[in-house]
Amino acid sequence: MEKEKHHIVPYKVYFFILIALITLTFMSIGITKINVGEYSVLGALIFSTIKSVLVLTWFMHLKFDQPFLRYMVSFVALVFFVVIFITFLDYYFR
Amino acid sequence: MQTAVQIPHDVSYLDYKGKYRGIFSWIFSTDHKRIGLLYMYSMMSLFLVGVMLGLAMKLELIAPGRTIMGPQAYNAVFTVHGVIMIFMIVIPGLPAVFGNFMLPIMIGAKDVAFPKLNLLSWYIYVLGALLVISSVLFGNGIPDTGWTFYAPYSFKTGTNLLPAIFGAFVLGFSSILTGLNFIVTIHRMRCPGMTWFKMPLFPWTLYGTAWIQLLATPVVGITLVLVALERIFGIGVFDPALGGDPILYQHLFWIYSHPAVYVMILPAMGAISEIIPTFSQKHIFGYKAIIASTLAIAFVGYFVWGHHMFTSGMSGTAQYTFSILTFIVAIPSAIKVFNWISTMHQGSINPDIPFLWAVTFIFVFMIGGFSGLVLGALATNVYVHDTAFVVAHFHFIVFGGVGFAFFGAIHYWFPKMFGRMYDKVWAKVGWAFFTIGFLTLYSPMFYLGMMGMPRRYYDYLPEFHAANILSTLGSWVMTFGLLIIIINLFRSARNGAIAPMNPWNGKTLEWTVPSPPPVENFDEVPVYGEKDGPYEY
Amino acid sequence: MEHVTQHSEPHYDQEASKLGMWLFIFTELLLFGGLFIVYSIYRFLNPVAFEMAGHELNMTIGAINTIILLVSSMTIAMSTSALQKKDKKLTVYLLVITIILAIVFLINKYFEWGVKFDHGIWPGSEHLINDMGKGEILFFGLYFVMTGLHALHIIIGMIVIIVALNKVQKGTVNADRPSLLENAGLYWHLVDLIWIFLFPLFYLIH
């Protein structure tokens with residue numbers, strides 16, 4: 001049975017990620033003041049995506065885990081987005 | 001922390017006496033082999049109920065007009081028939097029985113990754129089944145929406161839908177946990193030297209299937225929750241009066257239920273991929289191509305769901321996108337058929353029972369598949385949608401596919417599982433009656449559908465009478481064959497001739513352990529060397 | 001083919017445990033994913049109604065709840081490092097903070113929903129059905145279902161964390177057997193991830 005070398009993430013790394021997340025949160029609130037019309041959803045989703053990548057990579061340890069976990073997460077995200085995209089092919093073109 | 005219990009290596013899993021006695025030694029067992037059998041016995045009981053409902057429908061349809069039941073009862077019968085057959089039989093199907101029993105042995109492990117979770121999966125299965133059955137026995141009326149629970153009727157019907165929906169949700173959980181267990185098992189517990197590309201094909205199909213179980217099932221789970229909430233609170237998600245779109249229900253439902261058919265068929269194909277090389281005494285043709293096809297079917301299969309909805313009111317863009325993708329997903333299945341036939345070519349064929357099932361599997365699966373192309377093409381779909389043609393298609397491909405593969409698998413692995421051989425004459429007789437009955441039952445439905453007979457109707461026009469009589473007769477012949485098969489297997493499990501370790505000269509790991517296997521499968525962990533691999537003849 | 005002698009020791013495979021937890025997380029993502037599909041379609045079809053209805057929600061409370069969950073994700077992530085460093089006291093302390101933050105989140109939610117109920121807005125309410133347009137009915141239906149399901153997962157997550165906390169205190173979860181705490185952390189981050197998407201989609205529509 002192999003023993004993987006266990007990397008211990010320093011506390012301050014987690015703290016800095018939190019600061020980044022809070023900053024992004026305030027930024028996402030801030031852009032609601034700017035009128036970008038139909039791109040407001042896209043803007044919100046971009047901020048959420050960046051925040052989730054931070055949570056996945058550092059808080060959920062994906063950066064320090066075996067690569068296949070990252071591939072699995074990406075695969076799941078891909079399947080989900082393709083499903084939404086195809087569903088929109090119905091509603092967008094009705 | 002517990003100390004390890006020393007489990008004797010010379011006692012079969014059937015004879016092993018552990019902490020519990022009698023029935024408890026079964027229903028509290030975390031041994032994957034016993035859990036596989038628990039699934040098999042519960043599924044068989046539910047299957048017989050489903051068969052009787054099917055026979056009832058065929059009896060109603062033996063003549064136009066009311067024969068034994070009226071329209072409301074008929075709607076209830078086809079609903080419960082579908083819910084049982086889909087959610088309790090073909091979706092758990094081969095993974096629950098043969099996946100549980102054979103996967104660890106085939107990869108050289110002593111059990112699955114999470115044995116207690118495995119037992120919990122079975123408990124959840126039983127709970128789900130009981131919930132669905134309760135919807136039949138109690139309440140305001142047996143669910144009559146069809147197993148597809150389409151909105152808006154599913155939230156308007158006065159029948160007892162909530163327990164059925166809740167039961168289906170719970171059954172989904174069982175499916176998810178089994179898939180989760182198998183993925184971890186395959187990733188972490190292959191024996192030393194068994195790389196991914198030395199793993200046999202049945203585990204590969206279980207792997208692809210497990211991913212579908214994991215990713216698709218939650219979508220139908222939440223959809224059923226939404227229907228329940230619609231019934232209870234009227235939230236409006238599927239109710240046009242409140243702004244909802246019933247077609248969105250169909251999208252969500254089929255986003256699961258189409259991948260679900262690949263959950264059904266991939267392990268079935270995996271079993272065929274095990275049987276054919278053994279009974280051709282030849283290495284499987286195109287091992288990697290079959291793996292690639294398996295994964296391709298699993299992946300592309302996520303994106304074709306709209307072919308169930310061509311006439312629903314979707315946009316034209318969606319229609320042709322789904323149609324193209326549907327044709328694409330047929331290609332890997334065809335590749336598998338070519339590879340199976342190529343394996344047999346110039347092989348040393350042993351035309352024993354499992355091989356007979358495998359060959360007839362290919363035959364009925366192809367008929368089902370070709371009829372699927374008719375349904376996948378937009379112009380022809382409009383013509384045959386919601387007719388008996390569709391009923392024929394899915395019975396050929398699902399019952400023909402999963403059913404024939406299941407019978408093939410049970411006749412293949414029976415000697416290993418029970419240490420006895422079944423009576424081969426009766427097995428052949430059962431196979432013959434079943435196959436002839438099956439073809440007689442379902443083939444007329446293609447014709448009837450093209451002639452315009454709708455599905456899910458208890459009545460039909462007089463010109464459809466003759467074909468319906470033939471179909472109903474087929475149902476009796478098939479059931480007769482089914483009974484012969486089941487009785488033969490039951491009797492042989494007790495009284496059959498003692499089976500050797502490797503009756504078929506198979507080359508995968510399950511044939512290297514005693515029949516039946518000891519509790520921990522292997523005396524010593526097998527190690528695959530450079531030259532070792534499955535199907536090395 | 002050779003054989004090796006089997007070790008019969010109790011089976012503990014940390015990687016298997018982690019993989020199993022991730023696979024379970026995938027199912028949760030798709031469960032909520034289904035709801036996000038419904039949301040995205042209906043927002044696409046009813047942009048104005050969704051925006052109007054969105055104004056009824058309190059952005060400040062939403063933002064506070066967002067910060068609360070982000071901080072709680074940090075504290076539970078830190079607790080896994082603390083466990084690895086064999087600092088049991090700090091591990092416990094961080095887990096307690098995580099749980100408290102979760103409780104505050106739920107209290108906020110309770111008041112938020114309470115305000116809605118006071119205004120006559122709940123799934124299937126007369127005010128909702130009779131006085132509001134279809135897009136708004138859908139918005140609030142989705143609001144209650146999605147934040148409700150999310151709150152249910154907060155409760156489940158709290159229970160899991162409490163169990164982990166208990167075992168850390170007893171010593172059965174430690175630097176050599178950290179799986180339960182790490183998996184509890186993964187589950188908690190999942191709950192945070194879902195909220196990261198819920199917040200802008202419900203509270204930041206402009």
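**Close-ups of chains A, B and C in a predicted model**

**View 1. A nonpolar patch that takes in A:Ile34.** A:Ile34 sits in the loop between α1 (11-30) and α2 (40-59) of chain A; helices (H or I, at least four residues) and strands (E, at least two) are DSSP runs, numbered from the N terminus. This is a predicted model, where local features need pLDDT of at least 70 and side-chain atom pairs count only at pLDDT 80 or more, while totals for chains, interfaces and linings use all residues. Residues are numbered from 1 along each chain as its sequence is written, chains are lettered from A and ligands numbered from 1 in the order in which they are written, and side-chain values use heavy atoms, with hydrogens and water left out. With a relative accessible area of 51%, A:Ile34 is exposed (exposed means over 50%, buried means under 20%, and partly exposed is in between, with a 1.4 Å probe and protein chains only). Its partners in a nonpolar surface patch of about 560 Å² are A:Val36, A:Tyr39, A:Leu42, A:Ile46 and A:Ile50. To join a patch, a residue needs over 30% relative accessible area and no salt bridge; like charges are joined within 9 Å, and nonpolar side chains (Val, Leu, Ile, Met, Phe, Trp, Tyr) within 5 Å.

**View 2. Chain C on its own, with seven helices and one strand.** Start at the N terminus and you read the elements as β-α-α-α-α-α-α-α. The radius of gyration of chain C is 21 Å, well over the 17 Å that the globule rule gives for 206 residues, so chain C is more spread out than a compact globule. (That radius is taken over C-alpha atoms, and the rule is 2.2 Å times the number of residues to the power 0.38.) The C-alpha trace spans about 70 × 45 × 25 Å along its principal axes. Even so, 62% of the 206 residues in chain C are buried.

**View 3. Two residues of helix α3 in chain C.** C:Ser81 belongs to helix α3 (residues 59-84), and so does C:Ile64. Is C:Ser81 buried or exposed? At 2% relative accessibility, C:Ser81 counts as buried. Leaving out residues up to four places away in sequence, C:Ser81 touches A:Ile8, A:Val9, A:Tyr11 and A:Tyr14 (contact means heavy atoms within 4.5 Å). C:Ile64, by comparison, is partly exposed at 41%. C:Ile64 and C:Pro47 are 17 residues apart in sequence, and their C-alpha atoms are 26 Å apart in space.

**View 4. Where chain A meets chain C.** Here 43 residues from chain A and 48 residues from chain C take part in the contact. About 4,100 Å² is buried between the two chains, and carbon and sulfur atoms give 79% of that. (Buried area is the accessible area, with a 1.4 Å probe, that two parts lose on being put together, summed over both.) Look for the one salt bridge between chain A and chain C: A:Asp65 pairs with C:Lys18, with the closest N and O atoms 2.5 Å apart. A salt bridge is a side-chain nitrogen of Lys or Arg within 4 Å of a carboxyl oxygen of Asp or Glu.

**View 5. Where chain B meets chain C.** This time 49 residues of chain B touch 39 residues of chain C. The buried area is about 3,700 Å², with 73% from carbon and sulfur atoms. On the chain B side, B:Arg188, B:Ile222 and B:Leu242 lose the most area to chain C, together 14% of what that side buries. B:Arg188 also forms a salt bridge with C:Asp13 (3.0 Å, N to O).

Methods: Accessible areas come from the Shrake-Rupley method with a 1.4 Å probe; for residues, only the protein chains shown count as cover.
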